[in-house]
Amino acid sequence: MKDRKRDFQLSCPLPLPARDMVLLGHGSGGKLTAELIRDVFLPAFSNPILARLDDQAVVSLNGLRLAFTTDSFVVSPLFFPGGDIGSLAVHGTVNDLAMGGAEPLFLSAAFIIEEGLSLETLARVVASLRQAATEAGVTVVTGDTKVVERGSGDGLFINTSGLGRVPDGVLLSADQARPGDQILLSGTIGEHGIAVLAQREGLEFDIPIVSDTAPLHTLVATMLEVTRTIHCLRDPTRGGLSSALNEIAARSRVGIEMDERAIPVREEVKGACEVLGLDPLYVANEGKLIAIVEASVAEAVLAAMRQHPLGRRAQLIGRVTDAHPGLVTLRTALGTSRIVDMLSGDQLPRIC
Amino acid sequence: MKYIDEYRDERIARALVAQIARQVTRPWVLMEICGGQTHTLMRYAIDELLPPAIELVHGPGCPVCVTPLEIVDKAIAIASRPDVTFVSYGDMLRVPGSRSDLFRVKASGGDVRVVYSPTDALRLARAQGERRVVFFAIGFETTAPANAMAVWEARQAGLKNFSLLVSHVLVPPAIRLLLESPHNRVQGFIAPGHVCTVMGYREYEALSREFRVPVVVGGFEPLDLLEAIAMLVAQLEEGRAEVENQYVRSVTCEGNRPAQQVMERIFEVCDRKWRGIGPIPQSGLRLRPEFTAYDAEKIFGLEDASAEEPAECISAEVLQGLKKPVQCPAFGQRCTPENPLGAPMVSAEGACAAYYHYRRQAAATQGRAA
């Protein structure tokens with residue numbers, strides 16, 4: 001028998017050479033995106049406003065504080081349950097302004113259209129964009145149109161930029177979280193990402209999952225009426241709740257502890273994630289926000305959120321701590337604790 | 001969620017942990033075979049709950065991790081061809097080959113698609129007419145029946161543009177290799193519940209008898225794993241070495257006979273190289289000669305391609321349970337999910353990636369202590 005015994009060979013692949021091209025993962029909102037920003041964009045445009053890396057820039061002009069932001073929308077398919085690229089293009093930019101505490105005022109809208117797109121489709125998107133802008137109380141005051149050859153775009157890309165006014169006394173930034181602060185989440189997570197994925201992949205569920213896309217500025221205004229001392233607001237879009245909290249933990253140099261049982265997830269989203277091997281903590285939202293607030297006002301802010309239609313299922317989901325700066329941890333359903341990391345690229349469905 | 005939350009109940013978990021603690025009188029080293037089980041152990045930090053006498057080591061059951069380098073290289077070669085649509089499960093796309101990975105092939109213009117099942121690949125082949133569609137058929141006995149079925153259906157439908165790049169691996173030969181190794185430390189195994197759902201657990205009874213080692217077929221939820229650990233500890237403490245089935249809601253002794261039959265009809269057992277471990281006799285599946293028309297390696301003339309993996313990382317020791325990922329000097333430093341040195345850092349089910357994502361901090365402390 002002895003001759004059958006043998007040891008393992010020690011062998012393992014070498015790392016790939018330094019990254020030489022842009023991969024899809026660079027657009028996932030995870031670590032690869034952060035690397036691209038750090039290595040390519042920040043060095044080129046270095047300035048103190050950009051360096052804050054918030055969802056919007058807040059600039060002062062003659063005593064007037066303006067929030068300015070831009071966002072591009074490349075969703076496939078263009079129409080999905082609960083919304084479409086047009087409404088998303090308004091909500092995304094309005095929400096980036098709202099996360100700075102701003103009242104959104106003006107939008108630009110630029111359309112990059114692939115040759116062959118049906119005019120009927122374009123008209124539907126534009127009508128939806130107009131309706132979303134009207135509902136959000138913003139005016140589209142400038143725009144642009146480009147057409148690219150067939151094969152150079154995915155039907156339609158939209159870019160919107162937004163301008164808003166920031167009230168006095170409001171200072172919201174990802175570097176403002178302090179140990180002891182409480183973390184509030186405005187509602188259930190994961191609906192947008194799963195709705196779009198299901199539509200794209202032709203997956204059907206017993207209870208249809210609808211995107212949560214919505215403008216959050218009136219919810220923010222309601223919260224700011226309770227207190228101007230909210231430290232930080234983020235909308236957990238691509239990369240989900242975990243990426244947003246990891247950014248805050250890194251920028252504020254604090255630790256964050258979440259309680260898994262406090263995070264609201266709809267049953268149907270949970271089910272879809274179980275089947276697909278995805279973690280709802282990393283799935284995109286388009287109508288939710290995270291607020292980091294002082295413990296003394298947390299209850300009052302939470303109560304105000306729950307009075308608002310977009311905050312009815314708001315929850316206190318965790319706290320900021322001085323332990324493990326830069327790390328986000330989760331108290332699991334079993335009462336144990338683990339790290340919630342930022343993904344490097346897109347969340348990949350597991351094989352089995 | 002019904003049928004999920006019941007298996008994540010803190011109260012029952014604590015009761016099982018207390019039961020394990022009452023039974024343990026000395027240290028035991030246990031291995032969970034399957035990467036899905038490793039993932040759950042890390043995701044719920046179950047090792048935090050266990051008495052220190054129970055050491056869990058992580059087995060070679062991550063299909064992504066053990067797919068050999070030359071197969072990844074072959075996948076890249078096929079996917080780079082302009083006349084091919086290459087179809088794969090998502091987590092194979094990031095696995096590094098010798099010089100590239102499938103994500104890069106896609107970024108460079110290759111037609112690489114992610115699907116959830118080989119049936120999706122078959123549908124693509126039907127829709128594409130002449131264009132060749134190649135499905136990356138990797139995995140254990142769990143994924144093999146569905147892949148076999150796709151070949152069967154392709155033949156029934158007379159599809160000429162569909163083929164598989166096959167790199168299936170089998171669990172029992174890998175367990176045998178572990179048990180025959182002079183360095184083996186593992187005293188009890190949690191057998192992979194999904195594999196046993198297909199195969200049953202007769203094969204494990206032979207291993208258990210021959211090596212006098214207890215085996216418990218375990219599920220994938222936290223309570224499944226705690227119960228499986230409790231059953232293993234009971235066997236070890238009582239001096240028993242048997243095969244027991246914890247995952248009774250899914251696994252029967254004989255397994256899924258129709259699934260086994262379709263596998264046997266399409267595939268035959270062959271020797272197979274495992275990434276990080278090396279060749280294991282009779283540990284793989286390949287297409288039977290009558291199905292060579294569906295064998296992408298033959299279609300594209302890649303049968304003889306081979307690749308050697310330089311000795312760089314300690315994945316073999318990790319996969320063998322000799323070392324924890326954190327005991328690797330490169331862990332979290334030169335080797336991260338963004339820049340994986342070895343396959344176990346790539347897949348969500350890989351032991352190194354599971355440690356990195358869920359336990360980095362606690363792991364760092366243990367690593368220093370070790």
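Reader: Over which residues of chain B does pLDDT stay under 50, and how many contacts beyond four places in sequence does the model have for them?

Author: Start with the score itself: pLDDT is the predictor's confidence in each residue, from 0 to 100. In chain B it stays under 50 over residues 363–370, and for that stretch the model has 8 contacts beyond four places in sequence. A contact here is a pair of residues whose C-beta atoms, placed from the backbone, lie within 7 Å. Everything we discuss is a predicted model, where local features need pLDDT of at least 70 and side-chain atom pairs count only at pLDDT 80 or more, while totals for chains, interfaces and linings use all residues. As for labels, residues are numbered from 1 along each chain as its sequence is written, and chains are lettered from A and ligands numbered from 1 in the order in which they are written.

Reader: What does chain B average in pLDDT, and what ipTM does the predictor give the complex?

Author: Chain B averages 90, with 96% of the residues scoring at least 70. For the complex, the predictor gives an ipTM of 0.81 and a pTM of 0.87.

Reader: How do I read the secondary structure: how many helices and strands does each chain have?

Author: The elements are DSSP runs numbered from the N terminus: helices are H or I over at least four residues, strands are E over at least two. Chain B comes to 16 helices and 11 strands; chain A comes to 9 helices and 14 strands.

Reader: And what is the radius of gyration of chain A, set against the globule rule?

Author: The radius is taken over C-alpha atoms, and the rule is 2.2 Å times the number of residues to the power 0.38. Chain A has 21 Å, close to the 20 Å the rule gives for its 352 residues, so chain A is as compact as a globular protein of that length. Its C-alpha trace spans about 85 × 55 × 50 Å along the principal axes. For chain B, with 370 residues, a compact globule would be near 21 Å, and the chain's 21 Å agrees. The C-alpha trace of chain B spans about 65 × 45 × 45 Å along its principal axes.

Reader: What share of each chain is buried?

Author: Count neighbours: a residue is buried if 20 or more other C-beta atoms (placed from the backbone) lie within 10 Å of its own, exposed if 12 or fewer, and partly exposed in between. Buried residues make up 58% of chain B and 48% of chain A. Now look at sequence separation. Of the contacts in chain A between residues at least 6 apart, 84% join residues at least 24 apart; in chain B, the share at 24 or more positions is 78% of contacts with a separation of 6 or more.

Reader: Let's try one residue. Why does B:Leu122 count as buried?

Author: Because B:Leu122 has 22 C-beta neighbours inside 10 Å. You'll find B:Leu122 in helix 7 of chain B, residues 118–128. Apart from neighbours within four places in sequence, B:Leu122 is in contact with B:Ala150, B:Glu153, B:Ala154 and B:Phe162. Take B:Glu153: it sits 31 residues away along the chain, with 8.4 Å between the two C-alpha atoms.

Reader: Which residues have the most contacts inside the largest nonpolar core?

Author: Such a core is a set of buried Ala, Val, Leu, Ile, Met, Phe, Trp, Tyr and Cys residues joined through C-beta atoms within 7 Å. The largest one has 209 residues, and those with the most contacts inside it are A:Ala291, B:Ala75, B:Ala191 and B:Ile229. Helix 12 of chain B (residues 222–238) gives this core its largest share, 10 residues. Leaving aside neighbours within four places, B:Ile229 is in contact with B:Ile20, B:Leu30 and B:Ile54.

Reader: Where do the domains of chain A lie, and how many residues of each touch the other?

Author: The bounds come from an automatic or database domain assignment. In chain A they are domain 1 (54–165) and domain 2 (182–339). The centres, taken over C-alpha atoms, are 23 Å apart; 22 residues of domain 1 of chain A are in contact with 22 residues of domain 2 of chain A. On the domain 1 side, helix 3 of chain A gives the most, with 9 residues.

Note on methods
Contact = placed C-beta atoms within 7 Å.
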